[in-house]
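Dear colleague,

I am passing on the structure we spoke of, and I would be grateful if you could look it over alongside the notes that follow it. The notes begin with one side chain and then widen to the chain as a whole.

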Amino acid sequence: MSYSVTLTGPGPWGFRLQGGKDFNMPLTISRITPGSKAAQSQLSQGDLVVAIDGVNTDTMTHLEAQNKIKSASYNLSLTLQKSKRPIPISTTAPPVQTPLPVIPHQKEPPY
């Protein structure tokens with residue numbers, strides 16, 4: 001599911017990237033600065049950056065993407081894809097808090 005975000009500038013935009021063609025990883029939002037322009041948008045940590053100002057990022061190195069973002073003078077348009085990372089689901093059963101049954105002949109006598 002792709003979505004577009006336009007951040008109104010000038011920078012700083014308030015996010016960090018990781019990955020790029022030179023790292024054999026897709027460009028991904030790795031951090032969002034609280035209170036920043038990015039934090040006030042729909043950007044989410046882990047989202048994939050599909051395009052920067054309309055330019056596809058498939059073949060961009062990390063430095064090329066960084067330079068493209070820095071060259072955005074007023075508005076920065078990003079096309080992103082929501083992260084497909086699975087949400088961790090616990091496979092262990094929750095502990096059951098039930099008292100042990102008391103068998104009548106095992107009752108302790110009162111002291």
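**Serine 36 and its surroundings**

In this predicted model, the side chain of serine 36 comes within 2.6 Å of the backbone oxygen of threonine 33. A second backbone oxygen, that of glycine 14, lies 3.2 Å from a polar atom of the serine 36 side chain. Once the neighbours within four places in sequence are set aside, serine 36 is in contact with Trp13 and Gly14, so Gly14 appears both in this list of contacts and, through its backbone oxygen, in the 3.2 Å pair just described.

As to where this residue sits, serine 36 belongs to the loop that runs between strand S3 (25–32) and strand S4 (48–52). Is serine 36 buried or exposed in that loop? Serine 36 counts as buried, because its relative accessible area is 12%, which is under the 20% cut-off for that class.

**The chain as a whole**

The protein chain holds one helix and six strands, and, read along the sequence, these elements follow the pattern β-β-β-β-β-α-β. Of the contacts in the protein chain with a separation of 6 or more, 62% are accounted for by residues 24 or more positions apart.

Turning to the surface, buried residues make up 26% of the 111 residues in the protein chain, while the area that the chain exposes is about 8200 Å², with carbon and sulfur atoms supplying 57% of it.

With best regards

Methods
Residues are numbered from 1 along each chain as its sequence is written. This is a predicted model: local features need pLDDT of at least 70, side-chain atom pairs count only at pLDDT 80 or more; totals for chains, interfaces and linings use all residues. Side-chain values use heavy atoms; hydrogens and water are left out. Helices (H or I, at least four residues) and strands (E, at least two) are DSSP runs, numbered from the N terminus. Buried means under 20% relative accessible area, exposed over 50%, partly exposed in between (1.4 Å probe, protein chains only). Contact means heavy atoms within 4.5 Å. Accessible areas come from the Shrake-Rupley method with a 1.4 Å probe; for residues, only the protein chains shown count as cover. A polar contact is a pair of N or O atoms within 3.5 Å; within protein, one must be able to donate a hydrogen and the other to accept it, and residues adjacent in sequence count only if both atoms are side-chain atoms.
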